[in-house]
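Here's a quick tour of one protein model, written for someone who'd rather look at side chains than read a methods section. Keep the structure open while you read.

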Amino acid sequence: MSSTFEFDVGLLTVTDTSIVSGPMRREEDLQASCKKSLQVLLGEIAELPTSVKKNKSTGATTMLQLPQPVLLLPREKAPPKEKPLTAWQKFALKKGIDIHKKKTNRVFDEERQEWKDKWGKRAREDKDKYDWLREVKPSYVAKEDGGDPFLDERREKQARLEKQKKKEEHNVRRSEHILRAQEEVKHLQAASRHLATASNGKFDKEKKFKKNSKKVT
C-alpha cells in the first residue's frame with residue numbers, strides 16, 4: 001500500500017491522502033497508516049531547529065522552533081467588539097488632538113547643552129546638584145535667624161505635604177462616618193415599617209379596603 005503524506009508541521013499534523021481519498025479501508029489499514037504517519041511526522045520534527053532554555057528548577061530544556069502553520073484554524077470565540085469612545089476621546093477627535101502622542105520627559109538644556117529629565121528621580125537629583133543659586137525679592141525675610149530660601153522652600157514643601165496628608169485622613173474618616181450614618185438610617189426605617197401598627201401591618205390592607213369602599217343604599 002503506497003502512501004502520500006501532506007504535512008503541516010506548524011500544527012503538528014500529517015495527512016495520509018491515500019487513505020482519505022482512496023476506497024474504503026479496513027481497520028488494520030487505518031492503524032498501519034496511523035503508525036506510518038506518526039513515524040514520518042516525527043522524522044520531520046527531528047529536522048527542525050532547536051534552542052536550549054535553562055531553568056534553575058527543571059534544568060536545561062530543549063525547545064523546538066515550529067514553522068508557521070499552513071492551515072488557518074477558525075477562532076474559538078467571536079472577535080472582540082470595538083470599545084465605544086470615551087468622552088475625552090470624542091472631544092480629542094473633534095478638536096483634532098492626537099491622544100496617542102506620548103508626553104516626553106526629556107528636555108534640552110540650552111545653558112548646559114545637554115538633555116535632562118523634567119520630572120522623576122534624576123530630575124530631583126539634577127536640581128539638588130545645579131540649583132545652587134536662588135534669586136529672592138527685596139522683601140524676603142528668612143523664617144528664622146540664619147535661614148535661607150532653600151531651607152524655607154523645603155520646610156514649606158514639607159508643611160504642604162503634612163497638610164495634604166491630614167486632609168486625606170480627615171476625608172477618609174468623614175466618609176466612614178457618613179456610611180455608618182446611612183446604615184443606621186436604613187435599619188431604623190426598616191424597623192419603623194415593621195412596628196407601624198400593633199398587628200405589624202397584618203390588617204392594613206383590610207382597613208384600607210373598608211375605608212375606600214362606598215356604602216350602597
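Is Arg-160 buried or exposed? Arg-160 is exposed, because its relative accessible area is 52% and anything over 50% gets that label. Before going further, bear in mind that this is a predicted model.

**A positive patch**

Arg-160 sits in helix H5. Together with Lys-121, Arg-124 and Lys-157, Arg-160 makes up a positive patch on the surface. H4 and helix H5, which covers residues 149-194, are the elements that each give two or more residues to this patch.

**Inside helix H4**

Helix H4 runs over residues 121-130, and Ala-123 is part of it. Ala-123 has a relative accessible area of 14%, so it counts as buried, the cut-off being under 20%. Which residues does Ala-123 touch, leaving aside those up to four places away in sequence? The answer is Asp-117 and Lys-118. For a sense of the fold around here, take Arg-106: it is 17 residues from Ala-123 in sequence, and the two C-alpha atoms are 9.9 Å apart in space.

**Salt bridges**

Side chains of opposite charge can pair when their charged atoms come close. In this model the count comes to 6 salt bridges. Three of them are listed here, with the gap between the N and O atoms.

| Positive partner | Negative partner | N to O distance |
|---|---|---|
| Arg-112 | Asp-109 | 3.6 Å |
| Arg-112 | Glu-114 | 2.4 Å |
| Arg-122 | Asp-117 | 3.0 Å |

Asp-117 is the residue we met above as a contact of Ala-123. Its salt bridge is with Arg-122. How do the two partners sit relative to solvent, buried or exposed? Asp-117 is buried at 12% relative accessibility, whereas Arg-122 is exposed at 56%. Elsewhere, salt bridges with shared partners tie Asp-109, Arg-112, Glu-114, Lys-116 and Asp-126 into one network.

Arg-112 is a handy place to start looking at that network, as its side chain meets Asp-109 and also Glu-114. Arg-112 itself is partly exposed, with a relative accessibility of 24%. On one side of it, Asp-109 counts as buried at 13%. On the other, Glu-114 comes out as partly exposed at 33%.

**Two loop residues with positive phi**

Now for some backbone. Which residue in the loop between strand S5 and strand S6 has a positive phi although it is not a glycine? That would be Gln-113, with a phi of about 55 degrees. The loop holding Gln-113 links strand S5, residues 106-109, to strand S6, residues 114-117. Gln-113 is exposed, since its relative accessibility is 52% and the line is drawn at over 50%.

Leu-12 also has a positive phi, of about 55 degrees, and is not a glycine either. You'll find Leu-12 in the loop between strand S1 (5-8) and strand S2 (13-16). At 46% relative accessibility, Leu-12 is partly exposed, because that value lies between the 20% and 50% cut-offs.

**Pulling it together**

If you want a short viewing list, try three stops. Begin with the positive patch that includes Arg-160 and Lys-157. Then go to the salt-bridge network that includes Arg-112 and Lys-116. Finish at Gln-113, in the loop between strand S5 and strand S6.

Definitions and conventions: Residues numbered from 1 in each chain as written. Predicted model: local features only at pLDDT ≥ 70, side-chain atom pairs only at ≥ 80, totals over all residues. Heavy atoms only, no water. Helix = DSSP H or I, 4+ residues; strand = E, 2+ residues; numbered from the N terminus. Buried < 20%, exposed > 50% of the residue type's maximum accessible area, 1.4 Å probe, protein only. Contact = heavy atoms within 4.5 Å. Patch = residues over 30% accessible without salt bridge, like charges linked within 9 Å, V, L, I, M, F, W, Y side chains within 5 Å. Areas by Shrake-Rupley, 256 points an atom, 1.4 Å probe, with all protein chains shown as cover. Salt bridge = Lys/Arg side-chain N within 4 Å of Asp/Glu carboxyl O. Lys, Arg positive; Asp, Glu negative; His and termini not counted. Charge placed at Lys NZ, Arg CZ, Asp CG, Glu CD.
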